[in-house]
Amino acid sequence: MLSTIVFCEDKPADRPGRDLAEVLARTLASLVTAKVEGLLGDVRIAGPAEKGLGVVANHAGCTLVEAENEVAWLHLALQAARGADVFLLSCGRAPEAGFIEEAGDFLAKNTKDKSRAACLRAAPESFLERVFLSLAPVAGLIASRDRMLGAPRGGFAKLARCIGPAATFRTRARRIG
């Protein structure tokens, strides 16, 4: 079972006018099947303070980790995660169909390898991302909690670069926000 952290950016560059609480609710809704199937354990929301995310977290039965900046709320959420392995998902993204099976297979094959990591890339949105799939941004990351905590402190993108997963899932995460 994976501890899950939905990472909310304070000021996303790609969608400046979006309602963060609504996008968060849609992201959490996309994870319900994975939770029911037993892939996901505890779910945490890491986000900015005083943005109204507490109401969404309370209704969804999640723990909210708030702090003053992205580096702090990501680090606090990683420390609070209960499981040995963490699924970090960017708010505003929803894993496509097939992710549950693919992630389950990845975890089952790599039970003894503590350095295992895999990324979930965003669905291609530009011509270049369609041609060169590796140009699509990382939308999700699975790695051990200790490995994520041991990486240099930074936001979501920096953590994804530092972890440098060897595996990339075939399924993608579509934009929902």
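User: Happy to start with Pro137: which residues does Pro137 touch, not counting residues up to four places away in sequence?
Analyst: Glad to help, and please keep in mind that this is a predicted model. Pro137 is found in the loop between H6 and strand E7 (138-144). Leaving out residues up to four places away in sequence, Pro137 touches Arg93, Arg121, Ala122 and Glu129.

User: Is Pro137 buried, partly exposed or exposed?
Analyst: Buried means under 20% relative accessible area and exposed means over 50%, with partly exposed in between. The relative accessibility of Pro137 is 38%, so the class for Pro137 is partly exposed.

User: How far apart in space are Pro137 and Phe127, C-alpha to C-alpha?
Analyst: Along the sequence, Pro137 and Phe127 are 10 residues apart. In space, the C-alpha to C-alpha distance between Pro137 and Phe127 is 14 Å.

User: Now for charged pairs. How many salt bridges does a search of the whole structure find?
Analyst: Side chains of opposite charge can pair when their charged atoms come close. The cut-off here is a side-chain nitrogen of Lys or Arg within 4 Å of a carboxyl oxygen of Asp or Glu. Searching the whole structure with it gives a count of salt bridges of 5.

User: Which residue does Arg44 meet in a salt bridge, and are the two side chains buried or exposed?
Analyst: Arg44 has a relative accessible area of 6%, so Arg44 is buried. Its partner has 12% relative accessibility and also counts as buried. The N to O distance in this salt bridge is 2.8 Å, and the partner of Arg44 is Asp42.

User: How many residues apart are Arg175 and Glu125?
Analyst: The two form a salt bridge, with the closest N and O atoms 2.9 Å apart. This pair links distant parts of the chain: Arg175 lies in strand E9 (residues 173-175), while Glu125 is in the loop between strand E6 (117-121) and helix H6 (127-131). Arg175 counts as partly exposed at 22% relative accessibility, and Glu125 is partly exposed with a relative accessible area of 41%. In sequence, the separation of Arg175 and Glu125 is 50 residues.

User: Which residues are joined into one network by salt bridges that share partners?
Analyst: A salt bridge outside that list of names is the one between Arg145 and Asp146, whose closest N and O atoms are 4.0 Å apart. The network itself rests on shared partners, and the residues joined are Arg93, Glu125 and Arg175.

User: Where is Thr4 found, and which residues is Thr4 in contact with beyond its neighbours within four places in sequence?
Analyst: Thr4 is found in strand E1 (residues 2-7). With a relative accessible area of 0%, Thr4 is buried. Beyond neighbours within four places in sequence, the contacts of Thr4 are Leu31, Leu40, Asp42, Val43, Arg44 and Phe87.

User: On to the cysteines: how many disulfides does the structure hold?
Analyst: A disulfide needs two cysteine sulfur atoms within 2.5 Å. The sulfur of Cys8 is 3.8 Å from the closest cysteine sulfur, in Cys91, and that is too far for a bond. Cys119 is in no disulfide either, as the nearest cysteine sulfur, that of Cys162, is 14 Å away. The number of disulfides in the structure is 0.

User: Which element gives the largest share of the lining of the second largest pocket?
Analyst: The second largest pocket has a volume of about 170 Å³. Its lining includes Ser30, Leu31, Pro95, Phe99 and Ile100. Helix H2 (32-36) and helix H5 (99-109) are the elements that give two or more residues to this lining. The largest share, 3 residues, comes from H5.

User: How many residues of that lining are nonpolar, polar and charged?
Analyst: Among the lining residues are Ala34 and Ala97, together with Thr33, Gly98, Glu96 and Glu101. By class, the lining of the second largest pocket divides into 6 nonpolar, 3 polar and 2 charged.

User: Finally, which residues does Ile100 touch, not counting residues up to four places away in sequence?
Analyst: Ile100 has its place in helix H5 and is one of the residues lining the second largest pocket. Ile100 and Leu120 are 20 residues apart in sequence, with 12 Å between their C-alpha atoms. Not counting residues up to four places away, Ile100 touches Thr33, Ala34, Glu37 and Leu39.

How values were computed
Residues numbered from 1 in each chain as written. Predicted model: local features only at pLDDT ≥ 70, side-chain atom pairs only at ≥ 80, totals over all residues. Heavy atoms only, no water. Buried < 20%, exposed > 50% of the residue type's maximum accessible area, 1.4 Å probe, protein only. Contact = heavy atoms within 4.5 Å. 1 Å grid on protein atoms, 1.4 Å probe; cavity = no way out; pocket = protein on both sides within 12 Å on 5 of 7 lines; lining within 4 Å. Points joined across faces, edges and corners; volume = space filled by probe spheres on them. Nonpolar A, V, L, I, M, F, W, Y, C, P; charged D, E, K, R; others polar.
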